[in-house]
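Read the following with the sequence and the model side by side. The paragraphs start at one hairpin and work outwards to the rest of the chain.

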Amino acid sequence: MSPASNSHPVSRPVAAAPLSVLGAFAIEVVGDAPVDRDRLAQAEVGALAQLIARDLADFAPEAARLELITVGAHYDPVELLRPGWPLHRELDELAARAPRGGLERDSGRIIAFGASGSVLPGTLAPSPDYLGGPLRLVPFVLKGAEDVVARVGDAFERDLIEVGMAAADTALAAQAAFGLQVEHARFMTVHDLAAMTSIQYEHAGLAPLWPLLETALLHPGQSAWLDAAPEPLVHYVNGEARIALMSPASWEQHYDHGIATADDDQRERQQRLFQFFQGRQRQIAAVLGAHGIAVQFVHCDLDDDCRAALS
């Protein structure tokens, strides 16, 4: 199902995991304003988590009956949008090992992870490679009785993108806690985030890559091709992206750029086109890698069947 639709299934972090709602508190940062901190100490995270829980229950009252698992840290969208939702899965797995204490709220429970001596538990540390982006995300997981999770998940997938603005005190609390300037603050599901990212990638000239990324995110057991000239040839299969690493001759052959009778000006143009093609390969590999997708370059020489080589 396309992430651009408003009727997404409730997410399962891993195949055998109980039904869960995966989402994020999304903070749009003002322009180039600095961000003081990317994580909160354990003693600080509870206040923000309580506000997040309250807002989610305002959108769907039954959310108050569910366990909220979150972390006092913010991340770039590429750190959340990865096959198997590893950041949300880490939250879920850490919560499963946590003492059965936690902050009480109605009949549900809040588990909020913070830093101890600046160190976050498990693999929750935000990557320094992706700091400074305009959108920062505090992930959360809602879990509990499957019938309640299903109803809350359906409500969130249907309505959250439209009604999910954070309360003013929640936005101000995040602004004060992380030392940043909030332009907008709202809640979204991971499918809402994927839909928004697909639009951003279209504006950035990466629309041809999105169907492959969507398959990796939503249907990681399936395969997908990027096979549309003049784009690089990419096959997502068995959890990795295989990119055809073509020689100039194989590139000319695969894309029907034969220049046997071309003059010097045309040949120079072809060389520039090939250099652009190589740059596009590197760009696509970098985007895939940022989304946690393993990339393998497969050599493809003249007269090779490049599609067969990637299969």
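Which residue takes a positive phi in the hairpin of β8 and β9? Asparagine 238 does, with phi near 55 degrees, in a hairpin that has 2 residues between the strands. The model is a predicted one, in which local features need pLDDT of at least 70 and side-chain atom pairs count only at pLDDT 80 or more, while totals for chains, interfaces and linings use all residues. Residues are numbered from 1 along each chain as its sequence is written, and side-chain values use heavy atoms, with hydrogens and water left out.

The protein chain has 10 helices and 10 strands; helices (H or I, at least four residues) and strands (E, at least two) are DSSP runs numbered from the N terminus. Of its 311 residues, 51% count as buried, where buried means under 20% relative accessible area, exposed means over 50%, and partly exposed lies in between (1.4 Å probe, protein chains only). Contacts are heavy atoms within 4.5 Å. Among contacts in the protein chain with a separation of 6 or more, 77% come from residues 24 or more positions apart.

Back at the hairpin, strand β8 covers residues 234-237 and β9 covers residues 240-246. The two pair in the antiparallel sense over 4 bridges; strands are said to pair if DSSP finds at least two bridges between them. Tyrosine 236 has alanine 241 of β9 as its bridge partner. On the other flank, strand β7 (residues 224-226) is joined to β8 by 3 bridges, and these strands also run antiparallel. Here tryptophan 225 stands opposite histidine 235, and leucine 226 stands opposite valine 234.

In a regular strand the side chains alternate between the two faces of the sheet. In β8, Val234 and Tyr236 point one way and His235 and Val237 the other way, and all are buried. The loop between β7 and β8 contains proline 230. The peptide bond that leads into proline 230 from alanine 229 is cis, with omega near 5 degrees.

These strands belong to an open sheet of 4 strands in the order β7-β8-β9-β10, with mixed pairing. β7 and β10 (294-300) stand at the edges with a single partner strand each, so one side of each is left without a neighbour in the sheet. From one strand to the next, the twist averages 25 degrees. Helix α9 (residues 264-290) packs on the sheet and touches β7, β8, β9 and β10; its direction makes about 165 degrees with that of β9. Such axes are lines fitted to C-alpha atoms, for helices over the stretch in contact, and the angles run from 0 to 180 degrees between N-to-C directions.

Phenylalanine 274 is one residue of α9. It is buried, with a relative accessible area of 9%. Not counting residues up to four places away in sequence, phenylalanine 274 touches Met246, Ser247, Pro248 and Trp251. Its C-alpha atom lies 7.7 Å from that of tryptophan 251, which is 23 residues away along the chain.

Two other helices are worth a look. Helix α1 (residues 42-59) has 18 residues and reaches 27 Å from its first C-alpha to its last, close to the 26 Å expected at 1.5 Å a residue; the expected span is 1.5 Å times one less than the number of residues. An α-helix has 3.6 residues a turn, so residues three or four places apart point the same way. The buried residues of α1 include Val45, Leu48, Ala49, Ile52, Asp55 and Leu56.

Glutamate 90 lies in helix α3 (residues 86-97). What is the nearest side chain of opposite charge to glutamate 90? It is arginine 97, 5.1 Å away, and glutamate 90 is buried yet has no salt bridge. A salt bridge needs a side-chain nitrogen of Lys or Arg within 4 Å of a carboxyl oxygen of Asp or Glu. Leaving aside neighbours within four places in sequence, glutamate 90 is in contact with Gly122, Thr123 and Leu124.

Finally, consider two loops. Serine 118, in the loop between β4 (108-113) and β5 (135-143), has a positive phi of about 75 degrees although it is not a glycine. Serine 118 is exposed, with a relative accessible area of 51%. Aspartate 303, in the loop between β10 and α10 (306-310), has a positive phi near 75 degrees. At 62% relative accessibility, aspartate 303 counts as exposed.

Notes: Lys, Arg positive; Asp, Glu negative; His and termini not counted.
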